[in-house]
Amino acid sequence: MPCALKVAVLKPLLKKQDADFQQLKNFRPISNLTLVSELIEKVVALQLNDHILRHHLDETFQSAYKAFHSTETALVRVHNDILTTIDNNNTVILLLLDLSAAFETVDPSILLSRLSSRFGIKGTVLAWLRSYLTSPKQFVNVNKCKSSQRLLERGVPQGSVLGPLLYLPYTSPLADIIKRYNLEYHFYADDTQLYVAFKTDCLDRMVECKTTSEQCVRDIDNWMVINKFKNNQDKTKVVLISSRYRPRPPLDSLQIGNVTVVPSSSARNLGVIFDKCFHFEDHIKSICKSSHYHIRNIAKIRRFIDEDSAKIVVHAFVTAKLDSCNSLLYGLAQHLSSRLQSIQNTAARVVTPTRKFDYITSVLKQLHWLPVRYRRVFKILLLVYKALNGTAHL
């Protein structure tokens, strides 16, 4: 790989909109390479993917950077597993692990060794990958001011075609550790979900599951230290999920490394807030808060744009939130579903515009907008259709 094609422009982007921009840790370093470099990476990525799939070397429960997989398909699988478990009078311990700067701490020598020993990549291909990972450079460009070029000693560049794909082979041994403890798991890039079930009324089994989970995380931490990773123990979330109609088991805490983690009533998981009873009330509150904020802003500019432009803006900022992972919300309580429908009704009134107390059903038909509850059914049917026809994974 020519040295000139290994120079990346870094564009720091805030990880969260409300994050403090004065703290460097709140930025995600996105690498932008030349077009020729990205074309070369694309060719290599296609061949690497083909090799991994042809020889069945991919991790089944890793959903990132894979065709027909998404955060929604990952969450549907976890959501279904947990609901099925609760229906069988079980309680689930869900652990959400947080890795610190995972992509930036990948060690090239360990990665090349793993590609060779675990994935059978040798000879010219391995030599090219060694060249690709050796001495890449990067600089920051902010407001047309360029920094000096710095050598990237470790890590894979985020924003490149090949960089994130190489992260998956690097972390592949994590699944082996989890399987030794018979825990259920699902990965999405550097987000790790671990969960284990026990009979709600069996305290001995609860203690056993707690001990097993702690030992598993301890082994994961040890593996991460050896492989130059760091598990943010302070940011590890534990949620005890059970039926609201049964007594909750007395699980007070888990020992995650040196940190005692108390189970939370809810936690954000790949953009969706999971709560202790799987009612998604906190998640609906979050959607409503964000959607109402955008609707108020759209209403302020509505008279300056035409109806088609208003539809585009509403779909981008409001409908996208209503549809995001909405397949998880099937069977949602009526009072929560009504809150989501109220958001869609308000958005329709802003677009048309329609007065507050006018009948809204005809307006939704005019706009060709499915009501919220039917959008959930449509999404589930779409996922099932794609899964049956090989264009989605469930």
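The exercises below, each with a worked solution, concern a predicted model.

**Exercise 1. The open sheet**

Determine the strand order of the four-stranded open sheet, and explain why one side of S7 and of S9 has no neighbour in the sheet.

Solution.
- Step 1. The order is S7-S8-S3-S9, and the pairing is antiparallel.
- Step 2. S7 (184-188) and S9 (237-241) are the edge strands; each has a single partner strand, so one side of each is left without a neighbour in the sheet.
- Step 3. From one strand to the next, the twist averages 15°.
- Step 4. S7 and S8 (residues 191-199) run antiparallel and are joined by five bridges. Within this pairing, His186 has Gln193 in S8 as its bridge partner.

**Exercise 2. Helices across the sheet**

Identify which strands H6 and H7 lie across, and state the angles.

Solution.
- Step 1. H6 (residues 173-180) lies across S7 and S8, and runs at about 165° to S7.
- Step 2. H7 (residues 203-226) lies across S3 (90-98) and S8, and its angle to S8 is about 160°.

**Exercise 3. A salt bridge within one helix**

Locate the salt bridge between Asp50 and Arg54, and say how their positions in H1 relate to a helical turn.

Solution.
- Step 1. The side chains of Asp50 and Arg54 form a salt bridge with an N to O distance of 2.3 Å. Side chains of opposite charge can pair when their charged atoms come close.
- Step 2. Both residues belong to H1 (residues 35-54); because they are four residues apart there, about one helical turn separates them.
- Step 3. Asp50 has 40% relative accessibility and is therefore partly exposed.
- Step 4. For the structure, the count of salt bridges is eleven.

**Exercise 4. Salt bridges between separate parts of the chain**

For the pairs Asp107 with Lys228 and Arg118 with Asp176, find which parts of the chain are tied together.

Solution.
- Step 1. Asp107 and Lys228 meet through their side chains in a salt bridge of 2.8 Å, N to O.
- Step 2. Asp107 sits in the loop between S3 and H3 (108-117), and Lys228 in the loop between H7 and S9, so this pair ties together parts 121 residues apart in sequence.
- Step 3. Buried means under 20% relative accessible area. Asp107, with 8%, is therefore buried, whereas Lys228, with 37%, is partly exposed.
- Step 4. In the second pair, the closest N and O atoms of Arg118 and Asp176 are 2.8 Å apart, and the two residues form a salt bridge.
- Step 5. Arg118 is in the loop between H3 and H4 (123-133), and Asp176 is in H6, so parts 58 residues apart in sequence are tied together.
- Step 6. Arg118 is partly exposed at 34% relative accessible area, and Asp176 is partly exposed at 32%.
- Step 7. A network is also present: Arg77, Asp81 and Glu184 are joined by salt bridges that share partners.

**Exercise 5. The environment of H5**

Establish how many residues of H5 are buried and what covers them.

Solution.
- Step 1. H5 (residues 163-170) is mostly covered, with eight of its eight residues buried.
- Step 2. The buried residues include Leu165, Leu166, Tyr167 and Leu168, as well as Pro164 and Pro169.
- Step 3. The covering elements include H1, H3, H4, H6 and H7.

**Exercise 6. Backbone exceptions**

Describe the backbone geometry at Phe68, at Ser135 and at the peptide bond from Thr352 to Pro353.

Solution.
- Step 1. Most residues other than glycine have a negative phi, and most peptide bonds are trans.
- Step 2. Phe68 is not a glycine, yet its phi is positive, about 70°. Phe68 is in the loop between H1 and H2 (71-87) and is partly exposed, with a relative accessible area of 44%.
- Step 3. Ser135, also not a glycine, has a positive phi of about 55°. Its loop runs between H4 and S4 (137-142), and Ser135 is partly exposed at 41% relative accessibility.
- Step 4. The bond from Thr352 to Pro353 is cis, with omega near -20°. Pro353 is in the loop between H10 (334-351) and H11 (361-367).

**Exercise 7. A nonpolar patch**

List the residues of the nonpolar surface patch of about 360 Å², and place Leu382 in the secondary structure.

Solution.
- Step 1. The patch is made by Leu370, Tyr374, Phe378 and Leu382.
- Step 2. Leu382 is in H12 (residues 372-388).
- Step 3. Patch residues have over 30% relative accessible area. Leu382 has 31% and is partly exposed.

How values were computed: Residues are numbered from 1 along each chain as its sequence is written. This is a predicted model: local features need pLDDT of at least 70, side-chain atom pairs count only at pLDDT 80 or more; totals for chains, interfaces and linings use all residues. Side-chain values use heavy atoms; hydrogens and water are left out. Patches are made of residues with over 30% relative accessible area and no salt bridge: like charges are joined within 9 Å, nonpolar side chains (Val, Leu, Ile, Met, Phe, Trp, Tyr) within 5 Å. Accessible areas come from the Shrake-Rupley method with a 1.4 Å probe; for residues, only the protein chains shown count as cover. A salt bridge is a side-chain nitrogen of Lys or Arg within 4 Å of a carboxyl oxygen of Asp or Glu. Helices (H or I, at least four residues) and strands (E, at least two) are DSSP runs, numbered from the N terminus. Buried means under 20% relative accessible area, exposed over 50%, partly exposed in between (1.4 Å probe, protein chains only). Two strands pair if DSSP finds at least two bridges between them. Axes are lines fitted to C-alpha atoms, for helices over the stretch in contact, and angles run from 0 to 180 degrees between N-to-C directions. Contact means heavy atoms within 4.5 Å.
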